[in-house]
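Reader: I'm new to this one and would like a close look at a single part. Pick a helix, please, and show me how it sits against what surrounds it.

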Amino acid sequence: MSAPSSSQTRTTQDRYYTRVSSEPALIERVEPTVWGSESSAGMYGAQELHGHAEKGFSQVPQLLTPDEVAGYAAELDRLATDPLVRADDRCIVEKKSDEVRSIFEVHRISDAIARLVADERVVGRARQILGGDVYVHQSRINYKPGFGGGGFYWHSDFETWHAEDGMPTPRAVSCSISLTENYEYNGCLMIMPGSHRTFVSCVGETPEDNYRSSLKEQEIGTPDPDSLTALANRHGIAMLTGKAGSATFFDSNCMHGSGDNITPYPRSNIFIVFNSVENACVEPYYAPKRRPEYIGARDFTPVR
């Protein structure tokens, strides 16, 4: 895999170039994964932070209580059936059906989820990982109903956030909180442990308003089969299962995805992306214009 020639790149010193060459590339990361001190006070212990740095993710088995899970599940049902929410651009439906797939900027729609974002069990861990104040780059709820919930192809979130939102470096972490049990067979999250240390430069230019189709099924910004095979052979694939109320914090550059849900058992989660205030987004690196605010925030106010 070769780097693009000078005629194929824009004038930039960007290390994480992507979507500018006809050839993919594997680029080793230089930034740390855990920016905070292992001795700092917080929800994570030193061993947990070390594991997060090594694998690129960490799991919290019982972040929410059963009563909290029931309350948030009811909130997700309310949002999915609210006609005003369904009519909002922030609501994304399945490509092959009319069922809700995701609702974005949900912490600004739901007071309950806004409180969860500011909960120390959630934002406190993000601050520990990223080494200081954080803001919400993106929030959403994901629904994966039984018998038809669509999957998410392999991708690195940072590749998209860098190319289309202008996130400078992978100093961001996602928190996925499960509101249903995650089995190996109902479309659970899959991550290649350790893949966060390698950035995969993708081929294909970013079309105008790419987000309109990519939120339903991503095509641009997806890695090539050879790169995916190399990462999978190097790192393997972890199936992240767990009870309702469990959470996974994972690095923005983790290679991850999920399969379709063809079982009767639905899967839903609350998804919050925290970015360091020291890593605030600039203009997109490899896209014609910014994505909407509800997908890539431009309000860098720290979560309090």
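**Helix α2 and its surroundings**

Author: The buried residues of helix α2 are V69, Y72, E75, L76, L79 and A80. Look down the axis of α2 and those buried residues fall within an arc of 130°, so they line one face of the helix. (That arc is taken from the directions from the helix axis to the C-beta atoms.) "Buried" here means under 20% relative accessible area, "exposed" means over 50%, and partly exposed is in between, using a 1.4 Å probe and protein chains only.

A quick word on what you're looking at: this is a predicted model, where local features need pLDDT of at least 70, side-chain atom pairs count only at pLDDT 80 or more, and totals for chains, interfaces and linings use all residues. Residues are numbered from 1 along each chain as its sequence is written, and side-chain values use heavy atoms, with hydrogens and water left out. Helices (H or I, at least four residues) and strands (E, at least two) are DSSP runs, numbered from the N terminus.

Now flip α2 over: the face turned away from its buried side carries the exposed residues P66, D67, D77 and T81. The helix covers residues 66-81, and at 1.5 Å a residue its 16 residues should span 22 Å; the end C-alpha atoms are 23 Å apart, which agrees. (The expected span is 1.5 Å times one less than the number of residues.)

And what covers the buried side? The cover includes α3 (83-86), β4 (100-104), α4 (106-109), α5 (111-117), β5 and β13. Three of those names, β4, β5 and β13, lead us to a sheet.

That open sheet has seven strands in the order β2-β11-β7-β13-β5-β4-β3, with antiparallel pairing. At its edges stand β2 (57-60) and β3 (91-93), each with a single partner strand, so one side of each is left without a neighbour in the sheet. On average, neighbouring strands of this sheet are turned by 15° against each other, direction ignored. Our helix, α2, packs on the sheet by touching β4, β5 and β13, and its direction makes about 75° with that of β5. For the terms: two strands pair if DSSP finds at least two bridges between them, contact means heavy atoms within 4.5 Å, and axes are lines fitted to C-alpha atoms (for helices over the stretch in contact), with angles running from 0 to 180 degrees between N-to-C directions.

Strand β13 deserves a longer stop. Of the 10 residues in β13 (residues 267-276), 10 are buried, so this strand is largely enclosed by the rest of the structure. Both of its faces are covered: R267, N269, F271, V273 and N275 are buried on one side, and S268, I270, I272, F274 and S276 on the other.

What pairs with β13? Strand β5 (residues 134-144) runs antiparallel to β13 and is joined to it by 10 bridges; I141, for instance, has I270 in β13 as its bridge partner. Strand β7 also pairs with β13, in the antiparallel sense, over seven bridges.

Zoom in on one spot of β7. S178 lies in this strand, which covers residues 172-178, and stands opposite N269 in β13. At 5% relative accessibility, S178 counts as buried. Setting aside neighbours within four places in sequence, S178 touches K243, A244, G245, S246, S268 and N269. Its side chain also makes a polar contact with the side chain of N182, at 2.7 Å. (A polar contact is a pair of N or O atoms within 3.5 Å; within protein, one must be able to donate a hydrogen and the other to accept it, and residues adjacent in sequence count only if both atoms are side-chain atoms.)

Another helix meets these strands too: α7 lies across β5, β7, β11 (247-251) and β13, running at about 120° to β5. Helix α7 (residues 157-165) also lies across β6 and β12, at about 70° to β6.

Follow the chain past β13 and you reach C281, in the segment after that strand. C281 is buried, with a relative accessible area of 7%. Leaving out neighbours within four places in sequence, its contacts include Y135, H137 and D165.
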